[in-house]
Structures are given as C-alpha cells and as structure tokens.
Amino acid sequence: MAMLQAARSLPCGSKVGLAVFTERVPALLYSPIEVCNDYPVLEASIDALDWRMAWVADSNIGQALYNTRELMMNDVLAGSKLVFFTDGHEAPPVNPRYAPDFSYLDTEEQKENWKAGIIIGVGELGLSKIPKFDEDGVQIGFYTAEDVPHASRFGLPEDPSKVEGYIPRNGPWGTAKVVGTEHMSSLKQDYLMDLAQQNHMLYHHLENNAALAKALQKNDFAYEAKQPTQFNNIAAALALFLLLYCYQPFRKKWAV
C-alpha cells in the first residue's frame, strides 16, 4: 500500500499520525508516532482500514478538509502537516453556494504552516464502475444512474437563471431530470487542485509509491530537531584498535 511505503521511506525520527473521515467528520485514530520504532503499529492500523468503518453514506470532501484543518489546530497536532488522501468525488454533489469558505482560516500563521500540506489524488482519471455491496459485504452488482443523485438539491441554487424550469417556491431546482456520471468513480483532479490552491497546499496525483515518497520528502515537510547520537560502538572499536597497535611490538619480540 502506498501509505505504508511512504511511511517506510521516511527517515527515522519522522512521525506519522492517522485519521479517517466519513461524510464531513474527521476522526483522529492516534497522534503522530515515530516511523521506525512504531512501524508495526502503523502497519497494523493502515492494513485494518476498511470501507465498513464509514458511519455515514455521504462523502463531502470540501467540508471534510475544512473540518480536518480545524482538527489540526489541536495542540497535540501542532506543527504537523496534513497529507489528505481522496479521489475528490463529492457524493452527493455539493451546491457551490454552500461550499466551505477557507479564508476563515487564512491567518498569516496558518498560511506559513499550511503551505507544506498536500492533497493526494487517488484513482484514475477515466470513469469506472463502483461496486455495490449488501450489508454483509457481499458484492451484489454495481451502482447505476438511478441509484444516486446527479445534481445538488440542497438549499437554493447559486444562479436560478441557469436552472431549467425554475420555480421560486415549489421548484427551485427546476423540473428537468438531471442524469450524469455520479454513479461512476473517477479522480476529480481539477477540483482537488482548486481545493489545494484555496488551502495553500500542494497537490500530487498518486501514480506510484516512489513518486509519493519523494513528494513527502520535500524540504517544505522537513523540520530541524536535535537527535541524540551514540558513538559507543565507534569509541569501542577505536580503543580496541589502539590496544592491538600498542601490543604489536611486544608480540613480535616474544615471537623471536
């Protein structure tokens, strides 16, 4: 898995935490831990991630990112950088009129801290079918166009003049049936790049593990810290060498 490979590639002393989000609510599973000594914990927890952990069916990417930024203000996460994995598929589609306003968090301190955050775009750019499972986790087919909404029906439209059949009171979203590709999966790269720009974050399309590891090792993600270093082995080896060197003449004398 790309997340594990990326964690394994980080130098010892680096720390990684883990969180998940469902709908718009992030949940911190644990605060950052050291990648070398605590790697078994990272491996076990990432391997255990599963779609069944979701507690709500919807997936509101923009609002989840907004709420995650607020979560990152916690003192436990101070100085941490966010690595946000998603395909960017808003389900159901979001009404732009009610999209989160990230300028609320745009203090100078936040801009400096968040310039090294990164959104990782997951998935392929082309459309693909989404498997449908029953409550026991058995696949029963794929989602069809009739299974999902293809346009937002929440609140009021951003521009009523563009809504076909607009009726102010009883039909603010018009009378026309909207059918799109919301039942298909794809990476919404343009949308994620826009979110990254709004949040002063980087963007990276996940295509292979090596490229992801390289993206997470940029200078913007590094920090300086004092790391205790032990020279015991070097000192012991040097002492042994000097001891052998000092006794070398005596060994030759006794040999005669």
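**Strand pairing, cross-links and surface features of the predicted model**

Ala 19 stands opposite Leu 28 in strand S2, a pairing that belongs to the antiparallel arrangement of S1 and S2, which are joined by seven bridges. The description given here concerns a predicted model, and the values quoted throughout are computed from its atoms. In general, the strands of a sheet pair through backbone hydrogen bonds, and the pairing may be either parallel or antiparallel. In the hairpin that S1 and S2 form, two residues lie between the strands, and Glu 23 adopts a positive phi near 55°.

Glu 23 also takes part in a salt bridge, its partner being Arg 24, with the closest N and O atoms 3.1 Å apart. The two partners differ in their accessibility class, since Glu 23 is buried, with a relative accessible area of 17%, whereas Arg 24 counts as partly exposed at 34%. The value for Glu 23 falls in the buried class because that class is defined as under 20% relative accessible area.

The hairpin strands are also flanked by the loops that carry a disulfide. Cys 12 and Cys 36 are joined by this link, with an S to S distance of 2.0 Å, and the count of disulfides comes to one. A disulfide is, in general, a covalent bond between the sulfur atoms of two cysteines. The link between Cys 12 and Cys 36 is left-handed, with -90° about the S-S bond. It connects distant parts of the chain, 24 residues apart: Cys 12 lies in the loop between helix H1 (2-9) and strand S1 (15-22), while Cys 36 lies in the loop between strand S2 (25-34) and helix H2 (39-47). Cys 12 is classed as exposed, with 59% relative accessibility, and Cys 36 is classed as partly exposed, with 31%.

A second set of strands forms an open sheet of three members, in the order S3-S4-S9, with parallel pairing. Strand S3 (83-86) and strand S9 (202-205) occupy the edges of this sheet, and each has a single partner strand, so one side of each is left without a neighbour in the sheet. From one strand to the next, the twist averages 20°. The pairing of S3 with strand S4 (residues 118-121) is parallel and extends over four bridges; within it, Val 83 stands opposite Ile 118 of S4, and Phe 84 stands opposite Ile 119 of S4.

In a regular strand, the side chains alternate between the two faces of the sheet. Such an alternation is found along S3, where Phe 84 and Thr 86 point to one face and are buried, while Val 83 and Phe 85 point to the other face and are not buried.

Across the whole structure, three salt bridges are found. As a general matter, side chains of opposite charge can pair when their charged atoms come close. Besides the pair of Glu 23 and Arg 24 described above, a salt bridge is formed by Arg 52 with Asp 50, the closest N and O atoms being 3.0 Å apart. Asp 50 is partly exposed, with a relative accessible area of 34%. A further salt bridge brings together the side chains of Asp 147 and Lys 132, at 3.1 Å from N to O. Because Asp 147 lies in the loop between strand S7 (139-142) and strand S8 (184-185), and Lys 132 lies in strand S6 (residues 131-133), this pair ties together parts that are 15 residues apart in sequence. Both residues are partly exposed, Asp 147 with a relative accessible area of 36% and Lys 132 with one of 21%.

The loop between S7 and S8 also contains Thr 144, which is partly exposed, with a relative accessible area of 34%. Thr 144 and Ile 130 are separated by 14 residues in sequence, and the distance between their C-alpha atoms is 8.7 Å.

On the surface, a nonpolar patch is formed by Leu 238, Phe 241, Leu 242 and Tyr 245, which together have about 470 Å² of accessible area. Of these residues, Tyr 245 lies in helix H7 (residues 232-255) and is exposed, with a relative accessible area of 60%.

Key. Residues numbered from 1 in each chain as written. Predicted model: local features only at pLDDT ≥ 70, side-chain atom pairs only at ≥ 80, totals over all residues. Heavy atoms only, no water. Disulfide = S-S within 2.5 Å. Buried < 20%, exposed > 50% of the residue type's maximum accessible area, 1.4 Å probe, protein only. Pairing = 2+ DSSP bridges. Salt bridge = Lys/Arg side-chain N within 4 Å of Asp/Glu carboxyl O. Patch = residues over 30% accessible without salt bridge, like charges linked within 9 Å, V, L, I, M, F, W, Y side chains within 5 Å. Areas by Shrake-Rupley, 256 points an atom, 1.4 Å probe, with all protein chains shown as cover. Axes fitted to C-alpha atoms, helices over the stretch in contact; angles between N-to-C directions.
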